[in-house]
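Open the model in your viewer and keep the sequence panel beside it. We will go from selection to selection.

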Amino acid sequence: MALPLTTRARAKVNLDLRVLGRRADGYHELESLVAFAGVGDLLTLDPGAPLSLSIAGPRAEGLAVDDGNLVLRAAGALAAARPGLRLGRFHLVKRLPVASGIGGGSADAAAALRLLARLNGIALTDPLLHVIAARVGADVPVCLDSRTRLMAGIGERLGPQLRLPPLFAVLVNPGVAVETAAVFRALGLAPGQRLASAGTMSSTVPTSAPELLGKLAASGNDLAAPARSVAPAIDAVLERLSGLPGCRLARMSGSGATCFALFDDCGASAVAAKALQRERPGWWIKPTVFR
Ligand SMILES: C[C@](O)(CO)[C@H](O)COP(=O)(O)OP(=O)(O)OC[C@H]1O[C@@H](n2ccc(N)nc2=O)[C@H](O)[C@@H]1O
Ligand SMILES: Nc1ncnc2c1ncn2[C@@H]1O[C@H](COP(=O)(O)OP(=O)(O)OP(=O)(O)O)[C@@H](O)[C@H]1O
């Protein structure tokens with residue numbers, strides 16, 4: 001009998017995010033430097049059985065085990081494209097808040113594709129995986145190997161893997177679920193409307209953290225303003241993070257509501273996280289490192 005296969009589904013963090021415009025089909029063209037945190041969900045595949053899913057973990061509540069789950073959608077999409085694909089029983093330990101701008105569902109979908117690829121001898125670089133990932137969701141392709149890189153188009157264009165100096169961070173979600181489509185709607189762009197032209201897909205980022213922080217400080221997240229109008233709780237998070245001792249940068253990830261604060265070292269991020277956990281027991285607060 002084959003042993004269960006396991007993989008982490010790490011949180012995606014948009015270190016910056018520019019909206020370039022809206023395509024005629026309604027989707028938005030973006031440019032974003034995407035990194036991955038040390039925190040994430042855990043996905044296991046017990047091979048051989050028919051396709052199924054069970055969910056446990058601190059954030060399992062409110063996440064239905066139905067065909068809409070991104071694990072099953074990704075597996076179903078790959079099985080439809082590859083007749084005879086070996087499947088099995090998935091078990092998800094859900095730790096990331098749902099609908100929170102850190103791509104938990106996308107990371108789970110990508111994790112399901114990784115496990116099925118491993119089980120069926122499909123290379124992670126197989127173009128089919130990328131095509132299926134993009135079909136399942138805009139954030140799924142970048143989560144396939146969960147490495148730092150520039151993401152463009154609507155999420156399907158990926159730059160080369162980038163080496164990031166370790167960024168010591170605290171991730172914070174105020175417990176408000178934010179629907180991604182609602183934030184894009186609040187941006188108010190008409191189909192076909194352009195805001196900016198695409199930049200080059202850089203193959204480098206600064207190798208020192210202070211230099212990278214300086215570069216990030218000059219950018220932003222274009223979805224922050226519309227997200228704040230949809231979920232005003234984001235204001236309080238950003239304000240509080242900016243005021244934490246040693247905070248070098250506070251910013252929202254993706255379409256929110258999760259925000260992150262960056263610090264010079266892991267001591268400063270740990271102290272800040274502890275203080276905030278005491279002050280805001282209802283918030284999801286995780287000290288972590290982005291790589
Ligand atoms: C905002 C980001 O988190 C940045 O990384 C992603 O672009 C969102 O990716 P995602 O959650 O995987 O998005 P999807 O599940 O594919 O799309 C959800 C909805 O968001 C809107 N959407 C999403 C991505 C994109 N580039 N343009 C959009 O307009 C669409 O209305 C879509 O119906
Ligand atoms: N395995 C899953 N984990 C989380 N959400 C899921 C999952 N499967 C389906 N969903 C649904 O997908 C939607 C988006 O969830 P997700 O947590 O990926 O959002 P997000 O963090 O805002 O993602 P992004 O940053 O990509 O916009 C939610 O409405 C949720 O109900």
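The tour below goes from the domains to the ligand and then to a sheet.

**The two domains**

Bear in mind that this model is predicted. Begin by colouring the protein chain by its domain assignment: residues 5-158 are domain 1, and residues 167-290 are domain 2. Put a marker at the C-alpha centre of each domain; the markers will be 21 Å apart.

**Where the domains touch**

Now select the contacts between the domains. On one side are 29 residues of domain 1; on the other are 40 residues of domain 2. Which elements give two or more residues to the domain 1 side? Select strand S1 (5-22), strand S2 (28-47) and strand S5 (149-153). Stay on S1 for a moment: with eleven residues, S1 gives the most to this side of domain 1. Next, colour the domain 1 side by residue class. You will find 17 nonpolar residues, eight polar and four charged.

**The ligand shell**

Move to ligand 1 and show its surroundings. The shell holds 17 residues. Label the closest: Gly137, Ala138, Asp139, Ile154 and Gly254. Then highlight S2 and helix H5 (180-187), the elements that give two or more residues to this shell. Apply the class colours again. The shell around ligand 1 has ten polar residues, six nonpolar and one charged.

Where does ligand 1 lie relative to domain 1 and domain 2? Bring back the domain colours. Both domain 1 (5-158) and domain 2 (167-290) give residues to the shell, so ligand 1 lies between them.

**A four-stranded sheet**

Turn next to an open sheet of four strands. Trace the order S8-S9-S7-S10; the pairing is antiparallel. Start from the edges, strand S8 (249-252) and strand S10 (284-290), each of which pairs on one side only. Look across the strands: on average, neighbours in this sheet are turned by 25° against each other, direction ignored.

Zoom in on S8 and strand S9 (residues 259-263). These two run antiparallel and are joined by four bridges. For one residue pair, pick Leu249: its bridge partner in S9 is Leu262.

**The helix on the sheet**

Finish with helix H9 (residues 266-279), which packs on this sheet. Show strand S7 (167-173), S9 and S10 alongside, since H9 touches these strands. Then compare directions: that of H9 makes about 15° with that of S7.

Technical notes: Residues are numbered from 1 along each chain as its sequence is written. Chains are lettered from A and ligands numbered from 1 in the order in which they are written. This is a predicted model: local features need pLDDT of at least 70, side-chain atom pairs count only at pLDDT 80 or more; totals for chains, interfaces and linings use all residues. Domain bounds come from an automatic or database domain assignment. Two residues are in contact if their C-beta atoms, placed from the backbone, lie within 7 Å. Ala, Val, Leu, Ile, Met, Phe, Trp, Tyr, Cys and Pro count as nonpolar, Asp, Glu, Lys and Arg as charged, and the others, Gly among them, as polar. A residue is near a molecule or strand if its C-beta atom, placed from the backbone, lies within 6 Å of it. Two strands pair if DSSP finds at least two bridges between them. Axes are lines fitted to C-alpha atoms, for helices over the stretch in contact, and angles run from 0 to 180 degrees between N-to-C directions.
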